Structure formats: structure tokens, C-alpha cells
Amino acid sequence: MTKIIIIFILLIFIFILYLKYIEKTHIFYPDKKIYQEPKDFNLNYKEVFIKTPDNIDLCGWFIKGDSENLILYLHGNAGNISTRLEIVKMFVDAKFNVFIFDYRGYGKSAGRPTEKGIYLDTLSVYKYLTENENIKPENIILYGESLGCAFAIYLAEKEKVSLIILQSPFSSALDMASFLFPYIPKSFLKLIMSVEFDNISRIKKIDIPKLIIHSIDDDIVPFRFAEKLFIKASFPKEFFATRGLHNETVYNNKDEYIKKIKEFIERYKDYRN
């Protein structure tokens, strides 16, 4: 009997190590290689480096459009800023200025990615934009992409911005873990998880206009998590349902996508001032 108990405890321990490994390797997929630059898309830009309070150098691109509005782009968990330039160009073609940066550990940014570390990165970039570039908070529009939605929501809770757009968001890390491991009790998952990304509790506190965009066909983040986030979000808020896989939906619906975003921004221009 004692042997069986020991084996059972050992199996649980191994399983916990496995879950911790999955958590460590499946949340962040940083890529250090820069595949292309804004100049390859004929975009007017400057490269900047921003130092965080914990002495990490972050690399970002400030890309000029033809508007007082600036989109602060918080990208997803894989690749880096060089793999988002097609979407950046879409925003610039729509006359927006764009600032996109790599989290710690991504692209030319130093360090390694962690949840708390990237929250700090986001605050550091906001400080740079408002203090060094003299961007007014009422002209900053947050655009979060997938995992980047968590950082956009965090920043909107902590600092003044005008609007927030969330593309393919999720409700929380715990909900995602429960989706990936449906037969494991949520209470057990919560006990061993080191990340939270608790978007659903934060979004309730954000009173600026919100646009949530999510594909019905999303193969990575279930559509119902975006619906859950939308229900809990405070007003004003809007929801735009698209089609296509998680990493394809923007490219499949470019014209409609940018049209919806421009209408959203225009609709709340008086709200922002």
C-alpha cells in the first residue's frame, strides 16, 4: 500500500512538472530574428530604444502616419515586431501613427519574457510616448493582439488612454488552461499556475470605449472567451465578429476590419475629448 501511495505521489509530481513545462514553453514564443523593417514597406519611421526601471532595453519603431492619433500596438506571443508590418502598414495607410515595440526577450529587446516583466515594459513605453514624444493620452489608442490584449488591458487600467481595441482576446490564463486541460479541476490548475493574465477582472474597471474583435472560427482562443470578456466589460463597448483562423482573420477581412476600426474611432471622438 505504501508503495502505491509513493508511486501515486511521484506521478502527481511528474504531472505538475509537465504542466509547469507547458506553461513555460507555450505562453511566450520570442523570435530574435528581424525579418523585415518598415523601410521595406516604404514606411517613414525611426527606431528607438527604451530603458525600463529594471534596466532592460526595449526596441520599438515609431511609424509616422498622417493623424494626431497614435495606435500603440501590443503584439501576440510569437514572432516579433518585424512579423507584424503588414498590419502596421494597414493602420498607416488609414492615416494613423503607429508605435510597435518588442517585449523583453523578443527581437532586439534584451532580457527574457515574463508576465510581470512585460507589464513593466508596457508602462515604460507609455511613459516614453507621453514624456519623450509628447503624445497626449487622449490621442493614444491601444491595440492588443491575442496575448497582447492582456498588456493592453493592464495599461488601460493603470494609465489614461483614449480607446482600446482587442483582437482575439481571452478571458484569463486560467480559462485557457482549463480549455487545454478540460479534465483537470480548475482549482488544481489555479494552484500550480504562475501566470494569471486576469483580463476579465481588469476589464470591468476600464471605463473607456472598447472594441472587441474575434473570429467565430478561431482555432486557438475560443470565441466564447471573447464573448465572456465582452459581457463583463463595462460600457461603452462594441463587438465585431469575424471569420477565419486565429492567425488569418485580419488578413482575410482587411477592408472590413479597418473600416470597423475607423468607424469605432470616429464614433467616440467626442467621448475622448
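Student: In what order do the 8 strands of the open sheet line up?
Tutor: The pairing in this open sheet is mixed, and two strands count as paired if DSSP finds at least two bridges between them. Strands (E, at least two residues) and helices (H or I, at least four) are DSSP runs numbered from the N terminus. This is a predicted model, where local features need pLDDT of at least 70, side-chain atom pairs count only at pLDDT 80 or more, and totals for chains, interfaces and linings use all residues. Reading across the 8 strands, the order is S2-S3-S6-S4-S7-S8-S9-S10.

Student: Which are the edge strands of that sheet?
Tutor: Look for strands that pair on one side only. Residues are numbered from 1 along each chain as its sequence is written, and side-chain values use heavy atoms, with hydrogens and water left out. One edge strand covers residues 237-242. The two edges are S2 and S10.

Student: What does the twist average from one strand to the next?
Tutor: Walk across the sheet from S2 to S10 in the order given. Angles here run from 0 to 180 degrees between N-to-C directions, with axes fitted to C-alpha atoms, for helices over the stretch in contact. From one strand to the next, the average twist is 20°.

Student: Which residue of S3 does Phe49 stand opposite?
Tutor: S2 (residues 45-51) and S3 (residues 57-63) pair in the antiparallel sense, over 7 bridges. They form a hairpin with 5 residues between them, and Asn55 in that turn has a positive phi of about 70°. Across from Phe49, in S3, you'll find Cys59.

Student: And which residue of S7 faces Leu70?
Tutor: S4 and S7 run parallel, joined by 5 bridges. S4 covers 70-74 and S7 covers 140-145. The residue opposite Leu70 is Ile140.

Student: At about what angle does H3 run to S6?
Tutor: H3 takes in residues 115-131. It lies across S2, S3, S4, S6 and S7. Relative to S6, its direction is about 145°.

Student: At about what angle does H8 run to S10?
Tutor: H8 lies across S8 (163-167), S9 (210-215) and S10. Against S10, the helix runs at about 170°.

Student: Are H5 and H8 roughly parallel or roughly antiparallel to each other?
Tutor: H5 (residues 173-180) and H8 (residues 223-232) have axes 11 Å apart and pack at about 155°. Their contact (heavy atoms within 4.5 Å) brings Asp175, Met176 and Phe179 of H5 to Arg224, Phe225 and Lys228 of H8. Angles under 35 degrees count as roughly parallel, over 145 as roughly antiparallel, 65 to 115 as roughly perpendicular and the rest as oblique. H5 and H8 are therefore roughly antiparallel.

Student: How are H2 and H10 oriented to each other?
Tutor: Their axes come within 11 Å and cross at roughly 50°. Glu86, Met90 and Phe91 of H2 make the contact with Lys254, Tyr257, Ile258 and Ile261 of H10. The two helices are therefore oblique.

Student: Which residues of H2 are buried?
Tutor: Buried means under 20% relative accessible area, exposed over 50%, and partly exposed in between (1.4 Å probe, protein chains only). The buried residues of H2 pack against S3, S4, S6, S7, H9 and H10. Just after the helix, Lys95 takes a positive phi of about 85°. Within H2, the buried set is Leu85, Ile87, Val88, Met90, Phe91 and Val92.

Student: How far apart are the C-alpha atoms of Ile118 and Phe151?
Tutor: Ile118 lies in H3 and is buried, because its relative accessibility is 0%. Leaving aside neighbours within four places in sequence, Ile118 is in contact with Phe28, Tyr103, Arg104, Pro113 and Phe151. Ile118 and Phe151 sit 33 residues apart along the chain, yet their C-alpha atoms are separated by 7.4 Å.

Student: Is Asn42 buried or exposed?
Tutor: Asn42 is in the loop between S1 (29-30) and S2. Its phi is near 60°, a positive value in a residue other than glycine. With 74% relative accessibility, Asn42 counts as exposed.

Student: And is Phe197 buried or exposed?
Tutor: Phe197 sits in the loop between H6 (186-192) and H7 (199-203). Its phi is near 40°, a positive value in a residue other than glycine. With a relative accessible area of 2%, Phe197 is buried.

Student: What is omega, about, for the cis peptide bond between Phe235 and Pro236?
Tutor: Most residues other than glycine have a negative phi, and most peptide bonds are trans. Pro236 has its place in the loop between H8 and S10. The bond joining Phe235 and Pro236 is cis, with omega about 0°.
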